[in-house]
Amino acid sequence: MSESRVLLVDDEEELRRSSAQALELAGFRVDTFASAERALELISFSFPGVVISDIRMPGMDGMTFLQRIREIDPEVPVILVTGHGDVQLAVRAMREGAYDFVEKPFTAQMLAGTIRRALDWRGLVLENRRLRAVAGKRDDIEQRLPGRSPLMVDLRYRVRAIGASDADTLIIGETGVGKEVVARALHDLSSRANSPFIAINCAALPQNLIESELFGHEPGAFPGALRPRYGKFEHGRGGTILLDEIGSMPFDLQAKFLRVLQERVITRLGSNETVPLDVRFIATSKLELEPEVAAGRFRADLLYRLNVATLRVPPLAERRSDVPLLFMQLVRESAARYGREDIEISPSLASEMATRDWPGNVRELRNAAERLVLGLETDRDEAASPANGSRLADRVAAFEKSVIASALAAHGGALKPVYESLGISRKTLYEKMQKLGLDRRALTDEP
Ligand SMILES: Nc1ncnc2c1ncn2[C@@H]1O[C@H](COP(=O)(O)OP(=O)(O)OP(=O)(O)O)[C@@H](O)[C@H]1O
């Protein structure tokens, strides 16, 4: 576990300091706490570490602390520190689920082996959960991000690969392409799937409250701040935080956010204390960020830190061949959502959708599907009926056009598989396309 850490809880300051020093010398990353209440804030279902706590403490004692941790996740290893000869308490601690116990006085050397074993065990628990999540979610990704175009096949591959890691991720794509859908898929594929997913729109945060919104504050941090308050970052503890429109984050806040990314700690407004933060960050942007860096609006160091793992979600204009199927799926989903009967979409309508421009991408296509389902589409009757006109010749021509258009869209505009699969010659296909007014470029992903 790269982020593995040791939380050390003891009310005696001297003991806390000396134990932490010795454990850090032994190579562990240690955070110390004077009370169990404070340390408990860091425990989550995906907490990547081990807890060492004194049993006898004012406020929440070690046994209650153990119980609370086990309510959050029974597989967080807890090592309890008992007084010398306190055998009964040690036995009780083990019975109630402690990973191990150690008697006072102890040395870091005595503890190091137990801590290492506990961290290894925790690592295996989290890895197993991650693998189970990936196995369970495989088909789901196909559903959430449908499409046979090479760009979508590649995107699903990358989403699975990055989702399984815990890497901070940058998602770039035009409006409405599904960046948030991708972010949620990444979260659900990760070992954090059972912890919160918090979406924050950086463009919509009130400028004067933005820091307190994200980092939280202590009483008196600014006029009117009477009570302490957790920020959104802390609400996402153990889970994933989506920073939508990261390019809109004010420049001075970018430096503070970079520190959070690098050090995984936050400082609430009005406090000097740092609080460890275990979250995965996913950021999205409609804009490419390099030009923003060149224009001095976005910090280069933040971009380099963020774009270790970058996903690009293609606009519909680059994957027109996906539009017919996607549209049909969106119509089915809308019909289910509004409790309407399934509308049968004629192949010609589905293919025609691929010829239109969708500057609002999947959001716009989804709206069109909803309008159709709700009967608000003006040309619905024409569109959803199998063919226009009543003359047999017109109906046959419309049907022929829809079959050829679907085949062209399905094969990304390549002619050979189309005339082969339809059992006609290349010449016949050309003639029919001309006669029926079909432009293969409008139906394909060709630029
Ligand atoms: N593959 C998909 N299948 C079904 N619905 C989708 C898909 N992708 C996106 N949508 C829908 O399209 C809408 C836009 O998606 P989303 O909010 O993820 O896009 P976005 O790229 O984050 O947009 P913006 O940049 O404008 O915030 C949502 O209603 C979402 O449910």
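Strand S6 (residues 169–172) and strand S12 sit side by side in this predicted model, pairing in the parallel sense over 4 bridges. If you want a spot to click on, try Ile171: its bridge partner in S12 is Leu311. Helix H6 (residues 150–164) packs on the sheet here and touches both S6 and S12. The direction of H6 makes about 150 degrees with that of S12.

Zoom out a little and you'll see the sheet those two strands belong to. It is an open sheet of 5 strands, in the order S7-S8-S11-S6-S12, and the pairing is parallel. Strand S7 (197–201) and strand S12 (309–312) are the edge strands, each pairing on one side only. On average, neighbouring strands of this sheet are turned by 20 degrees against each other, ignoring direction. As a quick reminder, strands of a sheet pair through backbone hydrogen bonds, either parallel or antiparallel.

Now back to H6, which has a helix partner too. H6 and helix H7 (residues 179–189) pack at an angle of about 45 degrees, with their axes 8 Å apart. An angle like that makes H6 oblique to H7, and H6 passes H7 in a right-handed crossing. On the H6 side, the residues that meet H7 are Val159, Arg160, Ile162, Gly163 and Ala164. Their counterparts in H7 are Val182, Ala185, Leu186 and Leu189.

Further along the chain there is another helix pair to look at. Helix H13 (residues 323–337) packs against helix H15 (residues 361–373) at about 50 degrees, and the axes are 8 Å apart. That angle makes H13 oblique to H15, and the crossing of the two is right-handed. H13 brings Val323, Leu326, Phe327, Leu330, Val331, Ser334 and Ala335 to the contact, where they meet Leu365, Arg366, Ala369, Glu370, Leu372 and Val373 in H15.

Here are the two helix pairs again:

| Helix pair | Angle | Axes apart | Crossing |
|---|---|---|---|
| H6 and H7 | about 45 degrees | 8 Å | right-handed |
| H13 and H15 | about 50 degrees | 8 Å | right-handed |

What about the start of the chain? Strand S1 (residues 5–9) is largely enclosed by the rest of the structure, because 5 of its 5 residues are buried. Arg5, Leu7 and Val9 point one way from S1, while Val6 and Leu8 point the other way, and all are buried. Yes, that includes the arginine, Arg5.

S1 also has strand partners. With strand S3 (residues 49–54), S1 pairs in the parallel sense over 5 bridges, and Leu7 stands opposite Val51 in S3. With strand S2 (residues 30–33), S1 is joined by 4 bridges, and those two run parallel as well. There, Val9 stands opposite Phe33 in S2. Helix H1 (residues 13–25) completes the picture: S1, H1 and S2 make a right-handed β-α-β unit.

To finish, some totals for the protein. There are 20 helices and 12 strands. Buried residues make up 36% of the 447 residues. And how far apart in sequence are the residues that touch? Among contacts between residues at least 6 apart in sequence, 72% join residues at least 24 apart.

Technical notes
Residues numbered from 1 in each chain as written. Predicted model: local features only at pLDDT ≥ 70, side-chain atom pairs only at ≥ 80, totals over all residues. Buried ≥ 20, exposed ≤ 12 C-beta atoms within 10 Å, placed from the backbone. Pairing = 2+ DSSP bridges. Right-handed = clockwise from strand over helix to strand, strands pointing away. Axes fitted to C-alpha atoms, helices over the stretch in contact; angles between N-to-C directions. Parallel < 35°, antiparallel > 145°, perpendicular 65-115°, else oblique. Left-handed = near helix turned anticlockwise from the far one by under 90°. Contact = placed C-beta atoms within 7 Å.
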